[in-house]
Structure formats: C-alpha cells, structure tokens
Amino acid sequence: MEQPSSPLEKELPSSFQGNRDFYEENRLQKLGRKLKEEPLIPLGCAVTCWAFWGATKSIRSGNSYRAQQMFRMRLYGQTFTVVAMVGGSYYYNSDRILRKEYNDLMEARKAQEKRDAWIKELEARDREETDWREKMAKVTEKREEEARVRRAREEEKEREGGPIAKAVKKLREGVQ
C-alpha cells in the first residue's frame, strides 16, 4: 500500500508555475487581480449605489415616479451582482482550489523553514554552551594546577623551614 506523500513533497499546481506575481501579492495587487477576474461584481455594485443615490435624490425632490424607477434599478443591480458572484464562483472555482492548495503548501514550507531555523538556533546555542563549558573546565583545571604548585612550594618551604628556621639550622651547623 502506498503511503501518502507529505505536503512538502507535492508539486506546485501546474497552471501557476513560473508566475511568482500570482503567488506573492499584497492587498492592493490582490484587489486588482480580483477586479480583473470578476469585473461584473464591481459593476453591479456601482449600478446599485447609483440607483440608491438616484432614489434618494428623487425622494428629496418629490418625484415618486423617478424614485420608483430607481428602486427597481437598485433591485436589478443587486440581482445582477448576485448572479455575477454565483457565475464567477462556478467559473473560478478550480483556480480557487489551486490557490488554496498553493497557500497550504506555502504555509507548510514556511513552518518547516521556521522549524529549521529554530533547530539551527538551538544547535548554535548548544555549541556555544559546550565551548563555554570546555573553556571553564580548562580555566578550572589551570587554577587547580596553580593551587597544587602553590601548595607544593609551601610544603617544600615548610620542610626547609622559613628564614628563621634556616638561620637556626645554620647556627646549629656552625656550632657543631
């Protein structure tokens, strides 16, 4: 039985290959792309807003016939917008699925890169700590060696005696 491959091993969707601008876009670029993909939706919204504005103007001027026409125009504009949204949804569904798949892949890659960077940082800290421990071990060893040498000298001096003991020893040798 074949095991499923991880998201990192999957290929990018073929219809988007080589188009970096499509992948990494800011909000303004995304808005521009959406307007190009589905230009009828903003058109329907504009017609609806124009109808509201016309109806408001007609009501204030007291022209009820024109206001009624504008309310109907608003209804047509809204209907057109909803139909454009549903039609665009069906038409661009495959692109949306591919974009979602790509976004999932990019998130997985970024998470993996973040994890790798964290592991690299931990390894660097571990190396620093190991180096520091080795350095401290050498310093401690050096201090212990210096202390041993100092103690050995002090013991030798005690065996030989201090300056007074040396003088007494010389006097004794001189007396004999």
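Helices here are DSSP runs (H or I, at least four residues), strands are DSSP runs too (E, at least two), and both are numbered from the N terminus. The model is predicted, so to speak of local features takes pLDDT of at least 70 and to count side-chain atom pairs takes pLDDT 80 or more, while totals for chains, interfaces and linings use all residues. Numbering runs from 1 along each chain as its sequence is written, and side-chain values use heavy atoms, with hydrogens and water left out.

**Overview: six helices and zero strands.** Reading along the sequence, you get α-α-α-α-α-α. The protein has 176 residues, and 15% of them count as buried (buried is under 20% relative accessible area, exposed is over 50%, and partly exposed is in between, with a 1.4 Å probe and protein chains only). About 15,200 Å² is exposed, with carbon and sulfur atoms supplying 55% of that; these areas come from the Shrake-Rupley method with a 1.4 Å probe, and for residues only the protein chains shown count as cover. Of the contacts with a separation of 6 or more, 63% are between residues 24 or more positions apart (a contact is heavy atoms within 4.5 Å).

**Close-up of helix α2: a salt bridge between R33 and E37.** Helix α2 covers residues 27-37. The R33 and E37 side chains meet at 3.0 Å, N to O (a salt bridge is a side-chain nitrogen of Lys or Arg within 4 Å of a carboxyl oxygen of Asp or Glu). Both residues sit in α2, four residues apart, or about one turn of the helix. Both R33 and E37 are also buried. Side chains of opposite charge can pair when their charged atoms come close.

**Another look at α2: a nonpolar surface patch.** L28, L31 and L35 make this patch, which comes to about 310 Å². L31 belongs to helix α2. Patches are made of residues with over 30% relative accessible area and no salt bridge; like charges are joined within 9 Å, nonpolar side chains (Val, Leu, Ile, Met, Phe, Trp, Tyr) within 5 Å.

**Close-up of helix α3: buried residues on one side.** Helix α3 (residues 40-61) has 22 residues and spans 31 Å from first C-alpha to last, close to the 32 Å expected at 1.5 Å a residue (the expected span is 1.5 Å times one less than the number of residues). Its buried residues are G44, T48, A51, G54, A55 and S58. They cover an arc of only 130° around the axis, so they end up on the same side of α3 (the arc is that of the directions from the helix axis to the C-beta atoms). On the face turned away from that buried side you'll find the exposed residues C49, W53, R60 and S61. Right after α3 comes G62, with a positive phi near 90°.

**Close-up of α3 against α4: where the buried residues of α3 pack.** The partner, α4, runs over 64-91. Its 28 residues reach 40 Å from first C-alpha to last, close to the 40 Å expected at 1.5 Å a residue. The buried residues of α4 are A67, M70, G77, T81, A84 and G88.

**Close-up of helix α5: two salt bridges, D104 with K100 and R133 with E129.** Helix α5 spans residues 93-160. D104 and K100 meet at 3.4 Å, N to O, and lie four residues apart in α5, about one turn of the helix. K100 counts as exposed at 52% relative accessibility, while D104 is partly exposed at 38%. Further along, R133 and E129 meet at 2.6 Å, N to O; they too lie four residues apart in α5, about one turn. R133 is exposed at 53%, and E129 is partly exposed at 38%. A search of the whole structure turns up five salt bridges.
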